[in-house]
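Q: Could you walk me through how to read this fold, feature by feature?
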Amino acid sequence: GHAAASRDGHGDEHGHEHDGAVDNAEPNTHADRVTLTAEQIRIAGITVEAANSARIRSSVEFPGEIRFNEDRTAHVVPRLAGVVESVPADLGQEVKKGDVLAIIASPALAEHRSELLAAGQRLRLASTTYEREKQLWQDKISAEQDYLQARASLQEARIAVQSAQQKLAAIGAPRVASELNRFELRAPFGGTVIEKHITLGEAVAADAEAFTLSDLSTVWAEFNVSAQDIVKVRVGERASVSSTAFTGTAEGTVAYVGSLIGERTRTAKARVTLTNPNRAWRPGLFVTVSVAVEEQQVPVAVPADAIQTIDNTPAVFVEVHGGFAARPVTLGRSDGTQVEVKQGLGAGERNAATNSFILKSELGKGTAEHTH
């Protein structure tokens, strides 16, 4: 067969066996040979490198889904019952920390604020009485008992004010407002309003989930890991996330691997935290999560660009006298840049490392011209 003939560079299917000049006269007569001069190789931008050993970091792929980052997602509740007076926040709106989401008229809040105002007045009165009694006692006019009584009353009044202030702080309401019952429900952090369950004029309970807010500047890519793969997926491992919906990929690290394997699914949950600057990674998007597993030294590797598929078989173009010969190879692990060659290529053999697709197209022309 001409496979053997083309390997050693002697003779071909036409029986030309003399000085090798025939190769240049009739290019591409070998089915797996491309004849090029050094100048043509240079112009085509083909670089030749020796196959050598390399450290390859292979990866395992898992189907996954983008989800909200639950550490940055909050259900906003009023903490006070009342009636909704206005709702400035809309669904899908970006809000900053402290922005008003809704205004609620709350009788309970009016009571708390009234309590604080009354406690404040008692404190001012107790303070005046205390100063007067202290002076009278120092001037030996009144008994020490009256002074001590005034001091105790002052301490009680202070405690009452602190208690009223703490009640307001606990529900996130400022102490003073133009209207005693006016409660402003504010955003606890900057984010997007992803759920809204509150409308103008409705009565809301203290624990009603009025809004759900999520900071979409980071999201989770969640995926399930089977029992046999769980040893490969470790917290801190590098991972890349890609989607068929668009071309970009995002890099992240595995932030969490569940310690339990689900009874029905027989898998554990894992997730990668991704930065999401232009909000392209939308929750609900299906993705592929590639987790890098440990690096391994392989004896023979070539750049990914060196591999071409010829007749549905991976091949490498090996440097031979006067050009290149396509050599079928068996591939192993890959990290996207380097590919392990298990069979078909020895360490140190020189091959077309870049622009090898030019050689494949030349080969295609050659076989088309010489179909017998």
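A: Let's begin with surface area. Accessible areas here come from the Shrake-Rupley method with a 1.4 Å probe. With that in hand, the chain of this predicted model exposes about 20,800 Å², and carbon and sulfur atoms supply 51% of it.

Q: And what share of the 372 residues in the chain is buried?
A: Buried residues account for 37% of them, where buried means under 20% relative accessible area.

Q: How many helices and strands should I look for in the chain?
A: You'll find six helices and 22 strands. As for contacts between residues at least 6 apart in sequence, 74% of them join residues at least 24 apart.

Q: How do I read the side-chain directions along a strand, say strand 11?
A: The general idea first: in a regular strand the side chains alternate between the two faces of the sheet. Now look at strand 11, residues 211-214: F211 and L213 point one way, T212 and S214 the other way, and all are buried.

Q: Which strands pair with strand 11?
A: Strand 4 (residues 73-76) pairs with strand 11 in the antiparallel sense over four bridges. Strand 9 (residues 191-196) also pairs with strand 11, antiparallel and over four bridges. L213 makes a handy landmark: A74 stands opposite L213, and so does V193.

Q: In what order do the four strands of that open sheet come?
A: The order is 4-11-9-6, with antiparallel pairing. Strand 4 and strand 6 (94-95) have a single partner strand each, so they stand at the edges, and one side of each is left without a neighbour in the sheet. Strand 6 is joined to strand 9 by two bridges, and the two run antiparallel; there, V95 has G191 as its bridge partner.

Q: Where is the other open sheet with the order 8-7-5-10, and how does it pair?
A: Four strands form it, again with antiparallel pairing. Strand 8 and strand 10 (203-204) are at the edges, each with a single partner strand, so one side of each lacks a neighbour in the sheet. Look for the two bridges that join strand 5 (residues 82-86) to strand 10, which run antiparallel. V83 has its bridge partner, A203, in strand 10.

Q: How should I think about the largest nonpolar core?
A: In soluble globular proteins, nonpolar side chains tend to be buried together. Here the largest core has 28 residues, and L101, L109, F183, L185, I198, F211 and L213 touch the most other members. Strand 4, strand 7 (100-105), helix 4 (107-138), helix 5 (144-170), strand 8 (182-186) and strand 11 each give two or more residues to this core. Apart from it lies another core, of 23 residues, including V60, F62, A221 and V254.

Q: What does L213 touch, leaving out residues up to four places away in sequence?
A: Its contacts include R72, T73, A74, V76 and V95, along with A187, P188, F189 and G191. T192, V193 and I194 are also among the residues that L213 touches.

Q: Last one: what is notable about the phi of K140?
A: Most residues other than glycine have a negative phi. K140 isn't a glycine, yet has a positive phi of about 60 degrees. K140 sits in the loop between helix 4 and helix 5, and is exposed, with a relative accessible area of 72%. R266 is another non-glycine with a positive phi, about 55 degrees; find R266 in the loop between strand 14 (249-257) and strand 15 (267-275).

Note on methods:
Residues numbered from 1 in each chain as written. Predicted model: local features only at pLDDT ≥ 70, side-chain atom pairs only at ≥ 80, totals over all residues. Heavy atoms only, no water. Buried < 20%, exposed > 50% of the residue type's maximum accessible area, 1.4 Å probe, protein only. Pairing = 2+ DSSP bridges. Core = buried A, V, L, I, M, F, W, Y, C linked by side-chain atoms within 4.5 Å. Contact = heavy atoms within 4.5 Å.
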